[in-house]
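Here's a quick briefing to read alongside the picture. Take a moment to look over the sequence and the fold, and then work through the points below.

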Amino acid sequence: MKRKLKSDMEQVSRLSEEEIARRAASDPDALPTDEAFWMRAVRAEHPAKKQNVTIRLSPGVLEFFKRQGPGYQTRINAVLERYVEIQENQAAPR
């Protein structure tokens with residue numbers, strides 16, 4: 001199933017720079033930026049791409065995460081990431 005885009009890029013591509021600036025200025029959620037803002041900006045790195053794997057989980061564990069709704073694999077990944085973080089912090093010399 002294809003997800004529908006929330007924006008109409010074809011329509012946006014037809015807008016002039018002036019119209020884009022006008023619309024941005026009238027958007028109450030758009031904060032104006034100046035050169036100083038961009039001088040302090042830091043590039044956010046994309047998270048590492050996930051790998052497809054097959055993992056065997058006990059039925060109870062799988063059902064627990066699935067009961068919480070869509071995104072159960074992401075939640076399982078978050079729990080495992082937190083576990084790794086705790087283990088690495090415990091292993092670090094003090």
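Is Asp 27 buried, partly exposed or exposed? Asp 27 has a relative accessible area of 34%, so it counts as partly exposed: buried would need a value under 20%, and exposed one over 50%. Keep in mind that you're looking at a predicted model, with a mean pLDDT of 88 for the protein chain.

**How confident is the prediction?**
- In the protein chain, 91% of the residues have a pLDDT of 70 or more.
- If you compare the elements, helix α4 (residues 59-67) comes out with the highest mean pLDDT, at 97.
- At the other end of that ranking sits helix α1 (residues 9-13), whose mean of 83 is the lowest among the elements.
- As a reading tip, predicted coordinates shouldn't be read in detail where pLDDT is low.

**The overall build**
- You can count five helices in the protein chain, and zero strands.
- Walking along from the N terminus, you meet the elements in the order α-α-α-α-α.
- The radius of gyration is 22 Å, while the globule rule gives 12 Å for 94 residues; the value is well over the rule, so the protein chain is more spread out than a compact globule.
- Along its principal axes, the C-alpha trace spans about 55 × 45 × 25 Å.

**Surface and charge**
- Just 3% of the 94 residues count as buried.
- The protein chain exposes about 9900 Å², and 56% of that comes from carbon and sulfur atoms.
- There are 17 positive side chains and 14 negative ones.
- The centres of those two sets of charges lie 12 Å apart.

**Salt bridges**
- The count of salt bridges comes to four.
- One of them joins the side chains of Glu 10 and Arg 14, with N and O 3.3 Å apart, and both of these residues are exposed.
- Another pairs Arg 23 with Glu 19, at 2.8 Å from N to O.
- Arg 23 and Glu 19 are four residues apart in helix α2, so about one helical turn separates them.
- Arg 23 has a relative accessibility of 39%, so it counts as partly exposed.
- This pair doesn't stand alone, since Glu 19, Arg 22 and Arg 23 are linked in a network of salt bridges.
- Over in helix α5 (residues 72-91), you'll find Arg 82 and Glu 85, three residues or about one turn of the helix apart.
- Arg 82 and Glu 85 form a salt bridge too, their closest N and O atoms being 2.7 Å apart.
- Arg 82 is partly exposed at 43% relative accessibility, and Glu 85 is partly exposed at 40%.

**Two residues to find in the picture**
- Where does Asp 27 sit? Look in the loop between α2 (17-26) and α3 (35-40).
- From Asp 27 to Met 39 is 12 residues in sequence, and their C-alpha atoms are 23 Å apart in space.
- Next, find Phe 64, which is in helix α4.
- With a relative accessible area of 43%, Phe 64 is partly exposed.
- Phe 64 and Leu 80 are separated by 16 residues in sequence and by 15 Å in space, C-alpha to C-alpha.

Note on methods: Residues numbered from 1 in each chain as written. Predicted model: local features only at pLDDT ≥ 70, side-chain atom pairs only at ≥ 80, totals over all residues. Heavy atoms only, no water. pLDDT = per-residue confidence, 0-100. Helix = DSSP H or I, 4+ residues; strand = E, 2+ residues; numbered from the N terminus. Buried < 20%, exposed > 50% of the residue type's maximum accessible area, 1.4 Å probe, protein only. Rg over C-alpha atoms; globule rule 2.2 N^0.38 Å. Areas by Shrake-Rupley, 256 points an atom, 1.4 Å probe, with all protein chains shown as cover. Lys, Arg positive; Asp, Glu negative; His and termini not counted. Charge placed at Lys NZ, Arg CZ, Asp CG, Glu CD.
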